[in-house]
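Colleague: Please take a close look at the pockets in this model, the lining in particular. Then connect them to the sheet, the loops and the cysteines, as far as the coordinates allow.

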Amino acid sequence: MSTTTFTKSPGWLDWYSNPSKPRFQLPAGAVDAHCHVFGPGSEFPFAPERKYTPCDAGKEQLFALRDQLGVSRNVIVQATCHGADNRAMVDAVQAAGNGARGVATVRPDVADAELRRLDDAGVRGVRFNFLKRLVNSAPKEELAEIARRITPFGWHVVVYFEGTELEELQGFFRSLPVPLVVDHMGRPDVTKPPSGPEFSRFLHFVEQNDVWVKVSCPERLSISGPPALDGEPAPYGDVVAFGRTVVEEFPDRVLWGTDWPHPNLTDHMPDDGLLVDYIPRVASTPELQHKLLVDNPMRLYWPGEEA
Ligand SMILES: O=C(O)c1cc(C(=O)O)oc(=O)c1
C-alpha cells in the first residue's frame, strides 16, 4: 500500500514535547473544549485545499497530553488542514469513547445520513471559519444552508473570525438558527483596552445572543507576552484582562481549551502545562473555574450526564 508523505510548511513549529505538570490542579471532570488532531498524514492525509501542512499530531499524542495535564475530556475541533474530511477527528473522538466530542466541517450538500453518522460518532457541532489565511472563502448562503441542515440534530456552530470582522459578520451570525460558540475570544486586538469600542461591541454581541465564548489562545493573541515557557508563572499578561472580563460577565457561557497542537504559531510553542496555570488568572474563584472547566462544557457537549 502506498502512503502519502507530507512536508511541513516552512517555519512550522511542532507542539511542545515535554509539557510541565500544571501547578494548578484542574477540577475533576475538566474538559479541554478546543483541541485538534493532525493526521497522522500517512493514515489521514491532509486535504488538497489546505493552507498549511502541519506536523503529525495524532490521537495517542492528544490523549497523552490530556493525561499529563489532568484533563478528563476533550472536544476535538476539525482543523482546516483536513478540510471537510472529518476522518482523523472522528477516529480520535471514537477512540476516546465517551471521553470526547467532535466539531466537524461539512459542505452544504452533506447527506442527512452523513450528519447522522457524525452525530452517532460524537459530533455536536460544525465549524465556520472566516480567516482568510485558513480558508479560501466562506459564502454565507452556503453556511446558512449548513446551519439549517444541522438544526434537527441540536448541534451548534463554532465560529472563528478576526475581531475586526465582527461588525460585518454579526448580522449574519444573528440570522443563524443555532447557538454559536466563538473561538479564541473573537480574536481581540489586545493592544487596545478591553473597555474600548471593539471589545465592547464583542461583549454586547455575546450578551444579546445565544453565544458561548472560548477564553482560549492567550499564546495566539498576546503581543507582549511573556511566553508560557521556562516555568514562567505569569505568561501573556496582556490578554488576562480580556479573558477575565468574559469569564466574569458570562460565567455560564465560557469554555476553555488548550488549542493543542497550536497550528500556525510562528513566534514560540507554549508549554501546555503553563497554559493550564493561566486558567486561574482569568477564572479567579473555584466557582468560576468549575463553571468554565466542567459545568459549561458538560452542558453543551454531554447534556444530562454527570461529569
Ligand atoms: O489561528 C489559527 O491558525 C488556527 C487554525 C486552526 C485550524 O487550522 O483549524 O484552528 C485554530 O483554532 C486556530
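Modeller: Helices and strands are meant here as DSSP runs, at least four residues of H or I for a helix and at least two of E for a strand, numbered from the N terminus. The coordinates come from a predicted model. Its average pLDDT is 97, and 99% of the residues score at least 70. The global scores are ipTM 0.99 and pTM 0.98.

The largest pocket holds about 550 Å³ of space. Its lining consists of 24 residues, and Thr 105, Val 106, Arg 107, Val 135 and Ser 137 are the ones nearest the centre. Two elements, strand 4 (123-129) and helix 4 (140-150), each give at least two residues to this lining. Sorted by class, the lining comprises 11 nonpolar, seven polar and six charged residues.

The second largest pocket has a volume of about 390 Å³. Here 22 residues form the lining, and nearest the centre are Gly 163, Thr 164, Arg 187, Pro 188 and Asp 189. At least two lining residues come from each of helix 5 (166-175), helix 6 (197-208) and helix 7 (218-221). Helix 6 gives the largest share, four residues. The class count for this lining is 11 nonpolar, three polar and eight charged.

Now the sheet. Eight strands form an open sheet in the order 1-2-3-4-5-6-7-8, with parallel pairing. Strand 1 and strand 8 are the edge strands, and each has a single partner, so one side of each lacks a neighbour in the sheet. Strand 4, one of the elements that line the largest pocket, follows strand 3 in the sheet order.

Strand 3 itself covers residues 100-104, and five of its five residues are buried. In a regular strand, side chains alternate between the two faces of the sheet. In strand 3, Ala 100, Gly 102 and Ala 104 point one way, while Arg 101 and Val 103 point the other way. Both sets are buried, which includes the charged residue Arg 101. The cut-off for buried is under 20% relative accessible area.

Strand 3 pairs with strand 2 (residues 73-77) in the parallel sense, over four bridges. Two of the bridge partners can be named. Asn 74 is matched with Ala 100 of strand 3, and Val 77 with Val 103 of strand 3.

The loops hold several backbone details to check before any further modelling. Most residues other than glycine have a negative phi, and most peptide bonds are trans. Met 185 departs from the usual sign, with phi near 55 degrees. This residue sits in the loop between strand 6 (180-182) and helix 6, the helix that supplies four residues to the lining of the second largest pocket. Met 185 has a relative accessibility of 2% and therefore counts as buried.

Cys 217 also has a positive phi, about 70 degrees, although it is not a glycine. Its loop runs between strand 7 (211-214) and helix 7, and helix 7 is among the helices that line the second largest pocket. With a relative accessible area of 1%, Cys 217 is buried.

The cis peptide bonds concern two prolines. From Gly 39 to Pro 40 the bond is cis, with omega near 10 degrees, and Pro 40 belongs to the loop between strand 1 (31-35) and helix 1 (59-69). From Trp 260 to Pro 261 the bond is again cis, with omega near 0 degrees. Pro 261 is placed in the loop between strand 8 (254-255) and helix 9 (272-282).

That leaves the cysteines. A disulfide is a covalent bond between the sulfur atoms of two cysteines. The search of the whole structure returns zero disulfides. The test requires two cysteine sulfur atoms within 2.5 Å. For Cys 81 the closest cysteine sulfur belongs to Cys 55 and lies 9.3 Å away, so the pair is too far apart for a bond. For Cys 217 the nearest cysteine sulfur is that of Cys 35, at 12 Å, and Cys 217 is in no disulfide. Cys 81 is buried, at 0% relative accessible area.

Terms used: Residues numbered from 1 in each chain as written. Predicted model: local features only at pLDDT ≥ 70, side-chain atom pairs only at ≥ 80, totals over all residues. Heavy atoms only, no water. 1 Å grid on protein atoms, 1.4 Å probe; cavity = no way out; pocket = protein on both sides within 12 Å on 5 of 7 lines; lining within 4 Å. Points joined across faces, edges and corners; volume = space filled by probe spheres on them. pLDDT = per-residue confidence, 0-100. Buried < 20%, exposed > 50% of the residue type's maximum accessible area, 1.4 Å probe, protein only. Pairing = 2+ DSSP bridges.
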